[in-house]
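Hi everyone, thanks for making time. I'd like to walk you through one model today, so let me put it on the screen.

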Amino acid sequence: LLRFLRVFGCGPGRFHEAGLSSQIKIIRVPCTGKVDVMHLLRAIQKGADGVYVVGCLEGACHYNEGNLRARERVNHVRMLLEEIGMEADRVRMYNLSSGEGPTFAAYAKEMTEEYQETWGPTLSRESLKGKPRGRVKHDHDWSGEGL
Amino acid sequence: MIVAKRKPIEEIKEMLKGYKKVLNVGCGTCVAVCLAGGEKEVEVLNAQLDMARKLDGRPDRTGCLHLRATMRPGVSGGSGREGEKLRSHSFHGLRRRGSIHCGAISDKPVFPAVDTTFIGVNQGVGWYEERCRSCSSCVLGLTGGVCPSPCAPRAFSTALAAEPTKACAR
């Protein structure tokens, strides 16, 4: 079974009306230009089976080029996943207008079907036990000192 | 400024084979500017290594740390505190370290995760120019600031000696 499909989307679109299953988690951001490489990688690292970013139609970004930057970052993450032998298609970028709820749901269905037919789980359940270790926390903050 | 590029993930994995705990260390100076080993790059490498090891069925521990200045005391204003920060992380149980940049003070094995490509200057976003080859025999005082080494090491130096009035040397 699909564990989670993470979606980063911008704008107050009517995506909630699309009738998505509970396995699909939507993370709203002010603009897809805000979505960082680490956001996408961390989602996969924490066990999401697929991630897709939904931005405005090209040329319609409120911040001019946020969705174009997001696409470049998505392509970079796809390359990073391929490097370690993971399917690049687990991370995708789509462009939709805010009224295209059914298309949004269709993309989710498409990824779910592809997951079930081709990919399988990202990482085994056993390997996901325990907290993924990211940046090491330290007790002392020496930020800026020594420069 | 040192310009570097990250090593292929396969090479990094090969170096770290046999180690169960790895700390990726980035530097906030040269390699951060060329987007090879700064704060974000160590986090990306850390996530990649973490996932790659899990895919290989090795749930080892990895962590990353970003240092903002040189770790050597007395160099470039570095107080050595960054070095202390690095040493203090043995308390976190991360005993083997893969370093994403060159040079470090540590009693643990340190592996480079980037290849230094050249010493240059940053002229713009993603635009680097080679200005020094570390030849240890600088003649910039004679050449008016134009280094004869990067473009044509031998030919140009020889031509400079033979024809001091040559246009490119003026």
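Let me start with a puzzle: is the crossing of α1(A) and α3(B) left-handed or right-handed? Keep that in mind while I set the scene. One caveat up front: this is a predicted model.

So, the chains. Chain A has three helices and four strands, and along the sequence they come in the order β-β-α-β-α-β-α. Of its 147 residues, 46% are buried. Chain B has six helices and seven strands, and its pattern reads β-α-β-α-α-β-α-β-β-β-β-α-α. There, 40% of the 170 residues count as buried.

Okay, back to the puzzle. As a reminder, two packed helices are described by the angle between their axes and the distance between the axes. Here the pair is α1 of chain A, residues 37-45, and α3 of chain B, residues 39-55. They pack at an angle of about 20°, and their axes are 10 Å apart. Angles under 35 degrees count as roughly parallel, so α1(A) is roughly parallel to α3(B). And the answer on handedness: the crossing of these two is left-handed.

Now look at α1(A) again, this time with a partner in its own chain. The axes of α1(A) and α2(A) come within 9 Å and cross at roughly 40°. That makes the two helices oblique to each other. On handedness, α1(A) passes α2(A) in a right-handed crossing.

Let's stay on α2(A), which covers residues 66-83. This helix has 18 residues and reaches 26 Å from its first C-alpha to its last, close to the 26 Å expected at 1.5 Å a residue. Which residues of α2(A) are buried? They are A:G66, A:N67, A:A70, A:V74, A:V77, A:L80 and A:L81. Seen down the axis, they fall within an arc of 125°, so they line one face of α2(A). Go round to the other side of α2(A) and you find A:E72 and A:E82 exposed.

Next, α3(A), residues 101-119. With 19 residues, α3(A) reaches 25 Å from its first C-alpha to its last, close to the 27 Å expected at 1.5 Å a residue. Its buried residues are A:G101, A:F104, A:A105, A:Y107, A:A108, A:M111, A:T112, A:Y115 and A:W119. They cover an arc of only 155° around the axis, so they sit on the same side of α3(A). On the other side of α3(A), the exposed residues are A:P102, A:K109, A:E117 and A:T118. And just after α3(A) ends, A:G120 takes a positive phi of about 85°.

Last topic, cysteines. How many disulfides does the structure hold over all chains? Zero. Take B:C30 as a case: the nearest cysteine sulfur, that of B:C27, is 6.9 Å away, and B:C30 is in no disulfide. A disulfide needs the two sulfur atoms within 2.5 Å. As for its surroundings, B:C30 is partly exposed, with a relative accessible area of 24%. Over in chain A, A:C56 is partly exposed, with a relative accessible area of 24%.

That's my tour. If you take one picture away, make it α1(A): roughly parallel to α3(B), and oblique to α2(A). Happy to rotate things on the screen if anyone wants another look.

Notes: Residues are numbered from 1 along each chain as its sequence is written. Chains are lettered from A and ligands numbered from 1 in the order in which they are written. This is a predicted model: local features need pLDDT of at least 70, side-chain atom pairs count only at pLDDT 80 or more; totals for chains, interfaces and linings use all residues. Side-chain values use heavy atoms; hydrogens and water are left out. Buried means under 20% relative accessible area, exposed over 50%, partly exposed in between (1.4 Å probe, protein chains only). The expected span of a helix is 1.5 Å times one less than its number of residues. The arc is that of the directions from the helix axis to the C-beta atoms. Axes are lines fitted to C-alpha atoms, for helices over the stretch in contact, and angles run from 0 to 180 degrees between N-to-C directions. Angles under 35 degrees count as roughly parallel, over 145 as roughly antiparallel, 65 to 115 as roughly perpendicular and the rest as oblique. A crossing is left-handed if the near helix is turned anticlockwise from the far one by less than a right angle, and right-handed if clockwise.
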